[in-house]
Amino acid sequence: FDPDNTGYISTEKFRSLLQRHGSELDPHKLEVLLALADSNSEGRICYQDFVNLMSNKRSNSFRQAILQGNRRLCSKALLEETGLSLSQRLIRHVAYETLPREIDRKWYYDSYTCCPPPWFMITITIVEVAFFLYNGVVLDRFVLQVTHPLYLKNALLYHPQLRAQAWRYLTYIFMHAGIEHLGLNVVLQLLVGVPLEMVHGAVRISFVYVAGVVAGSLAVSVADMTAPVVGSSGGVYALVSAHLANIVMNWSGMKCQFKLLRMAVALICMSFEFGRAVWLRFHPSAYPPCPHPSFMAHLGGVMVGITLGVIILRNYEQRLQDQTLWWIFVSIYLIFVLFAIFWNIFAYSLLDLKLPPPP
């Protein structure tokens, strides 16, 4: 079937072989096999893809197709579907923005019901905006709130002198340095987080987000020990970096429009927000001797995104507990958390640091 020994056969050739030698299979299952074989919609399949498809390396999509073989899976690409309503076009757009394989895009498009809706990212955004507005009214300041002398007295932000209050390692996300800080974080987490939650569900996305938040505050407590922390950048950067890394790793399979431009815009926004955080950290403090908030939380979020986040986004249908790499990265994350906890207990006294006074 490959007389030129190229290592590939055309999709149409594969279709004719399936119809000739697999006539006992349901026609819908044949379409599923065809879509699985041509996972990147390149119009051809290689020998190794064929071997994986027919061996014990079959994907979860294959097993799902066998169990639910009555689901109609058209042979043409999802982008070629016409006559769709506005909501159907939105779902198709989300599928092409987040999933690299055509078979997964079709499964998602066929099964998505918007029940439940992407409630986690929407809820966390509303709460963050509400806390910011409340603080703005109390402090009578909406730009660079962090420069107000009463800002550090809030019970939500992380302060090195109050690191024993464990809730601060998480609740600091509800405090932002100013409207420019909040605005960039909200825009990024809505534009990236909501579509990801629509595809991967609230459990997976909330795990990446919260893991990035905790890693951010712990990274500050280890690498920038005298600084406070505010903002949701740790969670936002975890989601965005995971999404961008997933696009890069599956570049040929991602069919989203203007993907290079979108990546450039996301990187520019992240760089601008990170640069603002670095500038603020080294800007003369409005309430010496306590410095302005640290920027290390951004880096902690990025590290979570390109490890745990990539694994979660790459495995759209597969169960995470079946993935070896998932357990490796979870173990690394837990080791880091334990290390940071012991560091917070012992290192501050052993290093005899001069910490800023409690607020």
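This report walks through the predicted model, from its overall make-up to the annotated active site and a few backbone details.

**About the model**

Because this is a predicted model, local features are reported only at pLDDT of at least 70 and side-chain atom pairs only at pLDDT 80 or more, while totals for chains, interfaces and linings use all residues. Residues are numbered from 1 along each chain as its sequence is written, and side-chain values use heavy atoms, leaving out hydrogens and water.

**Overall picture**

The pLDDT, which is the predictor's confidence in each residue from 0 to 100, averages 85 over the protein, and 89% of the residues score at least 70. Among the elements, helix H8 (residues 168–171) has the highest mean pLDDT, 96, and helix H4 (residues 60–67) has the lowest, 63. In total there are 13 helices and two strands; these are DSSP runs numbered from the N terminus, with helices (H or I) of at least four residues and strands (E) of at least two.

Of the 359 residues, 51% count as buried. Here, buried means under 20% relative accessible area, exposed means over 50%, and partly exposed lies in between (1.4 Å probe, protein chains only). The accessible surface comes to about 17,700 Å², with 66% of it belonging to carbon and sulfur atoms; such areas come from the Shrake-Rupley method with a 1.4 Å probe, and for residues only the protein chains shown count as cover. Contacts (heavy atoms within 4.5 Å) often link distant parts of the sequence: of those with a separation of 6 or more, 73% join residues 24 or more positions apart.

**Active site**

An unreviewed UniProt entry lists Ser233 and His298 under "active site". UniProt positions follow the numbering used here, with feature names shortened, and the annotations may be inferred rather than shown by experiment. The two residues span 66 residues in sequence, yet their C-alpha atoms are no more than 5.6 Å apart, so they gather at one spot. Of this set, His298 belongs to the lining of the largest cavity. On a 1 Å grid over the protein atoms alone, a cavity is a set of points where a 1.4 Å probe fits but cannot get out, and lining residues have an atom within 4 Å of a point.

Ser233 sits in helix H10 (residues 233–249), and His298 in helix H12 (residues 296–314). Leaving aside neighbours within four places in sequence, Ser233 is in contact with His181, Asn185, Glu273 and His298. On the same basis, His298 is in contact with Ser233, Tyr237, Glu273, Phe274 and Ala277. The side chains of Ser233 and His181 also make a polar contact (3.4 Å), meaning a pair of N or O atoms within 3.5 Å; within protein, one must be able to donate a hydrogen and the other to accept it, and residues adjacent in sequence count only if both atoms are side-chain atoms.

**Accessibility at a glance**

| Residue | Relative accessible area | Class |
|---|---|---|
| Ser233 | 2% | buried |
| His298 | 4% | buried |
| Gly183 | 30% | partly exposed |
| Asn5 | 68% | exposed |
| Asp140 | 69% | exposed |

**Backbone details**

Most residues other than glycine have a negative phi, and most peptide bonds are trans. Asn5, in the segment before strand E1 (8–10), has a positive phi near 55°. Asp140, in the loop between H7 and H8, also has a positive phi near 55°. A cis peptide bond joins Cys115 and Pro116, with omega about 5°.

Technical notes. 1 Å grid on protein atoms, 1.4 Å probe; cavity = no way out; pocket = protein on both sides within 12 Å on 5 of 7 lines; lining within 4 Å.
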